[in-house]
Amino acid sequence: MNLDLKDKKVFISGSTKGIGFETAKLFLEEGSTVIINGRTKKGVERALNKLNNKNVSGISADFLDNAQIEELIKKIPDDIDIIINNVGIFRGKDFYSETIKDWQDHFEVNLISGVKLSKHFLPNMLKKNWGRILFISSECSSLVPGDLLKL
Ligand SMILES: NC(=O)c1ccc[n+]([C@@H]2O[C@H](COP(=O)([O-])OP(=O)(O)OC[C@H]3O[C@@H](n4cnc5c(N)ncnc54)[C@H](OP(=O)(O)O)[C@@H]3O)[C@@H](O)[C@H]2O)c1
């Protein structure tokens, strides 16, 4: 498949596993240059070894730690073409067990991480008149499964 993504520079948050990792594979197949991310150097190294492709590199940063996010932003090239805000956590506790800190962490990682990256990289995308920012969400927001409703 040719999706016209050859040589595009792509950053994918939370991509050492799961949907982010599979997305990285697809971009690499399309000839893009990809930066993957996870919380630890070890996790990133493991994923890079699995991908085994000269066009992929990685940056470890925990989206719960603002200092690490700032460092991450400095390491992503300013001319990045595509940002995939994929990182997401789900602690799966019932409503009464879930603490306010849990709620804050979910908002920080699942939503605010993408806002921070978008605020930083969108102006340059607009200047060069090309760029894409995608947010990975969940159909659970509209089709709520029973096990998410436990009280
Ligand atoms: N899986 C589903 O059924 C499903 C359904 C609907 C929507 N989604 C959404 O799709 C996205 C990906 O989900 P997934 O199931 O593929 O995730 P996953 O398999 O749990 O993978 C999570 C990824 O995020 C990284 N990560 C976790 N916490 C992080 C943090 N604080 N900072 C930086 N990286 C962090 C992990 O890296 P390390 O472990 O290496 O740190 C890993 O690469 C999420 O936004 C999720 O809400 C998933």
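Which residues are the closest to the ligand, and how many surround it? Let me start there. This is a predicted model. In it, 22 residues surround the ligand. The closest are Gly14, Gly18, Gly38, Gly43 and Gly88.

Where does that shell come from? Two elements give two or more residues each: helix H1, residues 18-29, and strand E2, residues 33-38. Helix H1 gives the most, with three residues. As for chemistry, the shell holds 12 polar residues, seven nonpolar ones and three charged ones.

Now step back to the whole chain. We have four helices and five strands. Read from the N terminus, the order is β-α-β-α-β-α-β-α-β. The radius of gyration is 16 Å, and the globule rule gives 15 Å for 151 residues, so the chain is as compact as a globular protein of that length. Along the principal axes, the C-alpha trace spans about 50 × 30 × 30 Å.

How much of the chain is buried? Buried residues account for 26% of the 151. Then the contacts. Take those between residues at least 6 apart in sequence. Of these, 58% join residues at least 24 apart.

Next, the strands. Strand E1 covers residues 9-12, and three bridges join E1 to E2. The two run parallel. One pairing to find on screen: Lys9 has Thr33 in E2 as its bridge partner. To get from E1 to E2, the chain passes through H1, and this β-α-β crossover is right-handed. That is the H1 we met at the ligand, where it gives three residues to the shell.

E1 has another partner. Strand E4, residues 82-85, pairs with E1 over three bridges, again in the parallel sense. Here, look for Ile12, which stands opposite Ile84 in E4. So E1 is joined to E2 by three bridges and to E4 by three bridges. A general point while we are on strands: in a regular strand, side chains alternate between the two faces of the sheet.

Last stop, Leu149. This residue lies in the segment after strand E5, residues 132-135. Is Leu149 buried or exposed? Count the other C-beta atoms within 10 Å: there are 9. The cut-off for exposed is 12 or fewer. Leu149 is therefore exposed. Compare its position with Asp102: the two are 47 residues apart in sequence, and their C-alpha atoms are 16 Å apart in space.

To recap: 22 residues around the ligand, four helices and five strands, and a right-handed crossover from E1 through H1 to E2. Thank you.

Conventions
Residues numbered from 1 in each chain as written. Predicted model: local features only at pLDDT ≥ 70, side-chain atom pairs only at ≥ 80, totals over all residues. Near = placed C-beta within 6 Å. Nonpolar A, V, L, I, M, F, W, Y, C, P; charged D, E, K, R; others polar. Pairing = 2+ DSSP bridges. Right-handed = clockwise from strand over helix to strand, strands pointing away. Rg over C-alpha atoms; globule rule 2.2 N^0.38 Å. Buried ≥ 20, exposed ≤ 12 C-beta atoms within 10 Å, placed from the backbone. Contact = placed C-beta atoms within 7 Å.
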